[in-house]
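Welcome! Here is a short briefing to read alongside the model, arranged by topic so you can dip in wherever you like.

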Amino acid sequence: MKKWDIAVIPGDGIGIEVTPEAIRVLDTIADIHGGISFQYKEYPWSCQYYLEHGVMMPEDGLQQLEQSDAVFLGAVGDPKLVPDHVSLWGLLVNIRRGFEQVINVRPAKQMSGIDSPLVDPKGFDFTVVRENSEGEYSEVGGRIHSGEDETVIQSAIFTRRGVTRTMDYAFELAKTRRGHVTSATKSNGLVHSMPFWDEVFQDISKNYNSIETQSIHIDALSAYLVSKPHAFDVIVASNLFGDILTDIGAAIMGSIGIAPAANINLNGKYPSMFEPVHGSAPDIVGKGIANPIGQIWTAKMMLDHLGEQEMGTLLLDSIEEVIEKGIKTPDIGGTSSTTEVTDHILNTLTLRA
Ligand SMILES: NC(=O)C1=CN([C@@H]2O[C@H](COP(=O)(O)OP(=O)(O)OC[C@H]3O[C@@H](n4cnc5c(N)ncnc54)[C@H](O)[C@@H]3O)[C@@H](O)[C@H]2O)C=CC1
Ligand SMILES: CC(=O)C(=O)O
Ligand SMILES: [K+]
Ligand SMILES: [Mn+2]
């Protein structure tokens, strides 16, 4: 029996509603498989925790998580209780950085059974490889003076090491897919960072002769994701650009509530973290209508990462079958509740196994 230790951080808002649903799914997967089991350790770190302790996670929080095989997180943020920059940097970004989860992998594809807002989505299927350790998400900078003299500096950091490993990951991924990498740039506006980004992209592409490449400015690329998303295979992007592109990817799938993500540690020193693209969705919290599929598809990415690809495929097939049957939460045009959708996924898993 192979036992996986999973550190679970439901977080805030609908994170608390969808994480237990995905755990029900993982337990069913373990039953079906017969040779694996999951042992969960849950951590209450959240904005509520902040109100009680003055921090989003304890000082030794990373050490507590370190022995796990993976971290499974819902969403962080409750702007009524804690400013977003404090809550996200205190927990989510703290784990991404502390555990050197330098890549964020975010697939998006047309799902049959969900109406894309696009008239003709043409079966689009792309994955964004987002730089996850530096870029525009940087603490370098500060504020001085006040009033009319108030001055703010927010620096973006691009290192050759960080950009290279992100691009290498994208090219390696493209080898297993349709062999095409698009780089999201903005070298006409950001005159230091993005010309550098483009140079590294050109250098690395020389090591991958079989891969077709193109560079597109982020403004045009954002528009293309709406007008011709089927033209893209792997997209490599900086931290902020990747963040924005993946909400567009989620939107053209039909809802941000279904989009999965994986924060990958590449050096094996620390666990990777799996959390959906969406946030804590304060506008629908407590209504029982949060779409659990983003979190459940994220569990599929965790299964793949742990080497259980067969179970991962079974899970995604089951998700698609349930959607095709019309068992859907309101964000994708259905009337089912969070738990009803999960119940159907569990039944489908069992029937298919
Ligand atoms: N990785 C994370 O933990 C993230 C956290 N956040 C935080 O979440 C909070 C809310 O941020 P927003 O910008 O509103 O983004 P959001 O992703 O939470 O919500 C955007 C919209 O999508 C809907 N939505 C999101 N997930 C859904 C689901 N599973 N089912 C159905 N509808 C869903 C929401 O109802 C809302 O209308 C903030 O505190 C923000 O900082 C935002 C993005 C990512
Ligand atoms: C914070 C956020 O929006 C993200 O990492 O996707
Ligand atoms: K999330
Ligand atoms: Mn985001």
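Helices and strands here are DSSP runs, with at least four residues (H or I) for a helix and at least two (E) for a strand, numbered from the N terminus. On that basis the protein has 11 helices and 12 strands. Please keep in mind that this is a predicted model.

**Overall shape and packing**

- The radius of gyration of the protein is 20 Å, which agrees with the value near 20 Å that a compact globule of 353 residues would have.
- Measured out along the principal axes, the C-alpha trace covers about 55 × 50 × 40 Å.
- Buried residues make up 47% of the 353 in the protein.
- Looking at contacts with a separation of 6 or more, 75% come from residues 24 or more positions apart.

**What the record says**

- An unreviewed UniProt entry places the feature "domain: Isopropylmalate dehydrogenase-like" at residues 5–345.
- Over this stretch, residues 5–345, the chain is 40% helix and 20% strand.
- The C-alpha atoms at the two ends of residues 5–345 lie 23 Å apart.

**Two domains and their contact**

- The protein is divided into domain 1, made of 1–107 + 257–353, and domain 2, which covers 116–253.
- Taken over C-alpha atoms, the centres of domain 1 and domain 2 are separated by 24 Å.
- Domain 1 brings 16 residues to the contact, and domain 2 brings 17 residues.
- On the side of domain 1 that touches domain 2, the elements giving two or more residues are α4 and β4 (101–109).
- Strand β4 gives the most to that side of domain 1, with seven residues.
- By class, the residues on the side of domain 1 that touches domain 2 are nine nonpolar, three polar and four charged.

**Around ligand 1**

- There are 24 residues around ligand 1, and those that come nearest are Gly77, Gly257, His278, Gly279 and Asn291.
- Which element gives the largest share of the shell around ligand 1? That is helix α4 (residues 84–98), with three residues.
- Helix α4 also appears among the elements on the side of domain 1 that touches domain 2.
- The shell around ligand 1 holds 12 nonpolar, eight polar and four charged residues.

Key. Residues are numbered from 1 along each chain as its sequence is written. Chains are lettered from A and ligands numbered from 1 in the order in which they are written. This is a predicted model: local features need pLDDT of at least 70, side-chain atom pairs count only at pLDDT 80 or more; totals for chains, interfaces and linings use all residues. The radius of gyration is taken over C-alpha atoms; the globule rule is 2.2 Å times the number of residues to the power 0.38. A residue is buried if 20 or more other C-beta atoms lie within 10 Å of its own, exposed if 12 or fewer, and partly exposed in between; C-beta atoms are placed from the backbone. Two residues are in contact if their C-beta atoms, placed from the backbone, lie within 7 Å. A residue is near a molecule or strand if its C-beta atom, placed from the backbone, lies within 6 Å of it. Ala, Val, Leu, Ile, Met, Phe, Trp, Tyr, Cys and Pro count as nonpolar, Asp, Glu, Lys and Arg as charged, and the others, Gly among them, as polar. UniProt positions are given in the numbering used here, feature names are shortened, and annotations may be inferred rather than shown by experiment. Domain bounds come from an automatic or database domain assignment.
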